[in-house]
Amino acid sequence: HPMDMKMVLLPVVSYIRLYSFREGLSETGSKERARELFEKQVFSPELYEELMQAYDFVTQLRIRSQAEKIARNEVPGNTTDCKNLNQFELLILKKHLQNIAGLQTLLNSAFNNPE
């Protein structure tokens with residue numbers, strides 16, 4: 001079951017980017033943007049922590065898969081084979097996937113309702 005980790009992160013990155021544009025931020029990296037949004041109190045401490053944990057965990061899986069492929073003389077990509085994850089990693093990934101799915105609801109309420 002290969003999973004494209006870059007695509008998993010796309011909703012997180014898009015969520016942060018949309019809020020950054022709305023707030024007129026100049027930062028370009030997702031983590032830097034999220035930090036600035038947190039500091040401006042646009043993101044709650046809980047949301048900020050959730051976003052950063054998901055971002056870091058999924059990025060770590062992606063980099064580890066790339067390193068393993070390089071070690072096997074294979075072309076590194078963005079996919080991680082979920083059958084190579086242990087039970088603990090699978091549980092954490094599942095939790096993050098559920099949280100990431102919830103971002104769509106947050107985006108809809110934030111950007112579709114006039115303030």
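**Helix 4 and the nonpolar core**

Leu93 sits in helix 4, and that makes a handy starting point for a look around this predicted model. With a relative accessibility of 3%, Leu93 counts as buried, because anything under 20% falls in that class. Setting aside neighbours within four places in sequence, Leu93 is in contact with Met3, Met5, Phe57, Val58, Leu61, Cys82 and Leu85. As for Ser65, 28 residues away from Leu93 along the chain, the C-alpha atoms of the two are separated by 14 Å.

Next comes the helix itself. Helix 4 runs over residues 87-112 and has 26 residues. From its first C-alpha to its last it reaches 38 Å, close to the 38 Å expected at 1.5 Å a residue. At the N-terminal end of helix 4, Asn86 acts as a cap, with a side-chain oxygen 3.0 Å from the backbone nitrogen of Phe88.

Leu93 has company on the inside: Glu89, His96, Ile100, Leu103, Leu107 and Ala110 of helix 4 are buried as well. Strand 1 (2-4), helix 1 and helix 3 are among the elements that cover the buried residues of this helix. His96 is a case in point. Its relative accessible area is 3%, so His96 is buried, given the 20% limit. Neighbours within four places in sequence aside, His96 is in contact with Gln53, Ala54 and Phe57. Phe57 also turns up among the contacts of Leu93.

The packing against helix 1 can be described in a bit more detail. Helix 1 and helix 4 meet at an angle of about 30°, and their axes are 10 Å apart. Their crossing is left-handed. Helix 1 brings Met5, Val8, Pro11, Val12, Tyr15, Leu18, Tyr19 and Arg22 to the contact, while helix 4 brings Leu93, Leu97, Ile100, Leu103, Leu106, Leu107, Ala110 and Phe111.

That leaves the core. The largest nonpolar core holds 28 residues, and those touching the most other members are Val12, Tyr15, Ile16, Phe43, Leu51 and Leu93. Two or more residues come from each of helix 1 (5-23), helix 2 (30-39), helix 3 (45-71) and helix 4. Helix 3 gives the most, with nine residues. Ile16 shows what one of these well-connected members touches: leaving out neighbours within four places in sequence, Ile16 is in contact with Ser30, Arg33, Ala34, Leu37, Phe43, Leu51 and Met52. Of these, Phe43 and Leu51 are themselves on the list of core residues that touch the most other members.

Definitions and conventions
Residues are numbered from 1 along each chain as its sequence is written. This is a predicted model: local features need pLDDT of at least 70, side-chain atom pairs count only at pLDDT 80 or more; totals for chains, interfaces and linings use all residues. Side-chain values use heavy atoms; hydrogens and water are left out. Helices (H or I, at least four residues) and strands (E, at least two) are DSSP runs, numbered from the N terminus. Buried means under 20% relative accessible area, exposed over 50%, partly exposed in between (1.4 Å probe, protein chains only). Contact means heavy atoms within 4.5 Å. A nonpolar core is a set of buried Ala, Val, Leu, Ile, Met, Phe, Trp, Tyr and Cys residues joined through side-chain atoms within 4.5 Å. The expected span of a helix is 1.5 Å times one less than its number of residues. A polar contact is a pair of N or O atoms within 3.5 Å; within protein, one must be able to donate a hydrogen and the other to accept it, and residues adjacent in sequence count only if both atoms are side-chain atoms. Axes are lines fitted to C-alpha atoms, for helices over the stretch in contact, and angles run from 0 to 180 degrees between N-to-C directions. A crossing is left-handed if the near helix is turned anticlockwise from the far one by less than a right angle, and right-handed if clockwise.
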